[in-house]
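Me: Could you take a close look at the salt bridges in this model for me? I'd like to know which side chains pair, and what surrounds them.

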Amino acid sequence: MASEIGVLARMLEDVRTVQRRDPAAPAWWVIAGSYQGLHAVWYHRVAHWLWRHRARSYARLLSQHARRATGIEIHPGATLGRRVFIDHGMGVVIGETAVVGNDVLLFNGINLGGTTMSPGKRHPTIGDRVVIGAGAKVLGPLRVGPDARIGANAVVVKDVPDGATAVGIPAVIRNHPGATEASTAASSVDSGDSHRHPDPDAMPEPVREPAMYYI
């Protein structure tokens, strides 16, 4: 899912991803030393390499150490793309056959889990640029399409189309307001729009449902 670049270049890319996506991000060295979501991804890269090279006992031991150190459990068999950002992260669980695309944003309490004990593909595939809100559960070998949004605490048990928003228990699909607004909503986390407070002296804008309201 990710083209090969050097280890240090990949780590620098990860730090820059945090700086770009987290409006509260401090200096780069503080991010590198204190962001548990970043550490979990770095641990996973090593564990995944061990897993693919048949050193699976060592991979599992490393992943369990990472779980204790970060509060985030990523099975060493899971596949993560580039620039994946786990924000806050405590309680995130990503299963063995899960596949997570590039530029995905995951919040705390998320479970990319399975619904069966049978071997084979049993965890979700998450497309590029997906945002999954805090506490959401995405269960089974389903597909979440690129640019989709999963609302906080949603329980997703069926495929989510490209660019759609899924909310509720069980999750239902809500249409985006439109292509332009959906594109704006997709970048609102990056630009920090969701953290800005309205100007009390500004003229009121027309009332409409924000596409990111459920994230």
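Reply: Here is a walk through the salt bridges, followed by the sheets, the core and one helix.

A word on the basis: this is a predicted model, in which local features need pLDDT of at least 70 and side-chain atom pairs count only at pLDDT 80 or more, while totals for chains, interfaces and linings use all residues. Residues are numbered from 1 along each chain as its sequence is written, and side-chain values use heavy atoms, with hydrogens and water left out.

Let's start with the charges. Side chains of opposite charge can pair when their charged atoms come close. There are 9 salt bridges in the structure, each being a side-chain nitrogen of Lys or Arg within 4 Å of a carboxyl oxygen of Asp or Glu.

Aspartate 103 is a good place to begin. Its partner arginine 20 has its closest N and O atoms 3.9 Å apart from those of the aspartate. This pair links distant parts of the chain, since arginine 20 belongs to helix H1 and aspartate 103 to the loop between strand E5 (99-100) and E6, 83 residues apart. Helices (H or I, at least four residues) and strands (E, at least two) are DSSP runs, numbered from the N terminus.

Aspartate 103 also meets arginine 83 in a salt bridge, at 2.6 Å from N to O. Arginine 83 sits in the loop between strand E2 (79-80) and E3, so this pair ties together parts that are 20 residues apart in sequence. Glu13 and Arg82 join Arg20, Arg83 and Asp103 in a network of salt bridges.

How buried or exposed are these side chains? Buried means under 20% relative accessible area, exposed over 50%, and partly exposed in between (1.4 Å probe, protein chains only). Aspartate 103 has 17% and counts as buried, whereas arginine 20, at 37%, is partly exposed. Arginine 83 is partly exposed too, with 21%.

Elsewhere, aspartate 147 and arginine 129 form a salt bridge of 2.7 Å, N to O. Aspartate 147 is in the loop between strand E11 (143-144) and strand E12 (149-150), and arginine 129 in the loop between strand E8 (125-126) and E9, so the pair ties together parts that are 18 residues apart in sequence. Both are partly exposed: aspartate 147 has a relative accessibility of 29%, and arginine 129 one of 36%.

Now for the strands that follow some of these loops. E3, E6, E9, E12, E14 and E15 form, in that order, an open sheet of 6 strands with mixed pairing. Its edge strands are E3 and strand E15 (172-174), each pairing on one side only. Two strands pair if DSSP finds at least two bridges between them. E3 and E6 run parallel and are joined by 2 bridges, with phenylalanine 85 standing opposite leucine 105 in E6.

Then there is the core. A nonpolar core is a set of buried Ala, Val, Leu, Ile, Met, Phe, Trp, Tyr and Cys residues joined through side-chain atoms within 4.5 Å. The largest one here has 40 residues, and Ile94, Ile126, Ile132, Val144 and Ile150 have the most contacts inside it. Two or more residues come from each of helix H1 (7-21), helix H3 (36-52), strand E3 (85-86), strand E6 (105-106) and strand E9 (131-132). H3 gives the most, with 4 residues. Contact means heavy atoms within 4.5 Å; not counting residues up to four places away in sequence, isoleucine 132 touches Leu105, Leu106, Phe107, Ile110, Leu112, Ile126, Val138 and Ile150.

H3 also holds histidine 39, which is buried at 17% relative accessibility. Leaving aside neighbours within four places in sequence, this histidine is in contact with Ile31, Ala32, Gly33, Ser34 and Thr70.

Thr70 leads us to helix H4, whose buried residues are Ala59, Ser63, Ala66 and Thr70. Down the axis of H4 these fall within an arc of 55° (taken from the directions from the helix axis to the C-beta atoms), so they line one face of the helix. Their cover includes H3 and strand E1 (73-74). On the other side of H4, Ser57, Tyr58, Leu61 and Arg68 are exposed.

E1 takes us to another open sheet, where 5 strands pair in parallel in the order E1-E4-E7-E10-E13. The edges are E1 and strand E13 (155-156), each paired on one side only.
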